[in-house]
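Student: I've got a protein model to go through and I'd like some help reading it. Could we take it piece by piece?

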Amino acid sequence: MAEQQYLHITLLQMRYFLEVASCGSFTKAAQLLYTTQPTLSKTISALEQTLDVQLFVRSKKHVILTEAGQHLYRRWSVILQDMEKSMDECRILQGGHNRYLAIGILDSQDGEKIAAPVLRRFLEQYPQTNISVSACEPQEIRKSLLENNLDLAITVLYDMEQLDSHPFDYVIMNECCHSVCMLKDNPLAEKEELTVPDLRDSLFVGISPLYTPSYCGMLEEMCGKYGFSPRFIRYAANALSQPYNLIGKNDIFICDRNYREYKNPSMPHLEFRPLVDTHSGVAVVWKRENAKKELQQFVKLIRN
């Protein structure tokens, strides 16, 4: 094989391979990696094609490493650990700071309302810590945590409740009920607050399961408790696109008060109503094996 072919192997492919090998299942690994099973399978197949090596023996119920796959698993596990350690060391050296915390905030959340007050309090208590904050798409949150590009992330609570949280820990940052967003001429807008049964005849604008599988899972679970399934009229690519997909007077989507566009004055055609007896909020999530002192200080601040 030409040497330059190896340059096409990415850290993401290596991470995906190690997770599948560890789980012995594409379905389980896809849940942990916050991706879809078809995407994961295509990534592994592309890796095998690049290497010109079969890494797994596949069956309907599980996958087994080939001898070549076992060898690669042993070697790449060490390589990735060394790379993650070296990236941590680089962060420590950045700008001469000996303390560093990389934080991701879900791009659809109101960062100024949710995160900014906590970040200010943290810096008041630990002024020597250098903080880097990034807005992240939902599909990037878990990947960035797994690859140690983020130390912690501030994300929607249902994402942690719907998906297997291993290998993560999380703490709830705030709690609230869900909210229903709709056009002003929606009959539901006549009520001051709504219940889940009120949504039985509504048409839901979801978020594509390819990007945020936990969102549709949350809606299925919420409506299922009242004996019906949400009727999806269309899917948006992300949460920030949902308002533009409200077309008919019976169209709705579900968010909460932490949503970035919640009661946005620049969108006067939208109405928001609280969805009583529902549970939503914001969670701070981090990789369980991350023992960084600054991370533990931040978590302690949230818990207090």
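What follows is a chat about a few residues, salt bridges and strands in this predicted model.

Student: Let's start with Ser 25. Is Ser 25 buried or exposed?

Tutor: Ser 25 sits in the loop between α1 (11–23) and α2 (26–33). Leaving out residues up to four places away in sequence, Ser 25 touches Val 20 and Val 63. Its relative accessibility is 18%, and the cut-off for buried is under 20%, so Ser 25 counts as buried.

Student: Okay, on to charges. How many salt bridges does the count come to?

Tutor: To make the count, a side-chain nitrogen of Lys or Arg has to be within 4 Å of a carboxyl oxygen of Asp or Glu. Glu 112 and Arg 120 make one such pair, at 2.9 Å from N to O. By this rule the total is 11.

Student: Which helix holds both Glu 140 and Lys 143?

Tutor: These two form a salt bridge, with their closest N and O atoms 3.2 Å apart. Glu 140 has a relative accessible area of 27%, so it's partly exposed, and Lys 143 is partly exposed too, at 22%. They're three residues apart, about one turn of the helix, and that helix is α7 (residues 138–146).

Student: Asp 169 forms a salt bridge with Arg 288. How many residues apart are they?

Tutor: Their closest N and O atoms are 3.2 Å apart. Along the chain it's another story: Asp 169 is in strand β6 (residues 168–183), while Arg 288 is in the loop between β10 (270–287) and α10 (293–303). So the pair links distant parts of the chain, and the separation in sequence is 119 residues.

Student: And which residues are linked with Lys 184 in a network of salt bridges?

Tutor: Here we're looking at a network rather than a lone pair. Lys 184 shares it with Glu 271 and Arg 273.

Student: Back to β6. Which residue in β10 stands opposite Tyr 170?

Tutor: β6 and β10 pair in the antiparallel sense, over 14 bridges. In that pairing, the β10 residue opposite Tyr 170 is Val 285.

Student: What is the bridge partner of Cys 181 in β9?

Tutor: Strand β9 (residues 251–256) runs antiparallel to β6, and five bridges join them. Within β9, the partner of Cys 181 is Phe 253.

Terms used:
Residues numbered from 1 in each chain as written. Predicted model: local features only at pLDDT ≥ 70, side-chain atom pairs only at ≥ 80, totals over all residues. Heavy atoms only, no water. Helix = DSSP H or I, 4+ residues; strand = E, 2+ residues; numbered from the N terminus. Buried < 20%, exposed > 50% of the residue type's maximum accessible area, 1.4 Å probe, protein only. Contact = heavy atoms within 4.5 Å. Pairing = 2+ DSSP bridges.
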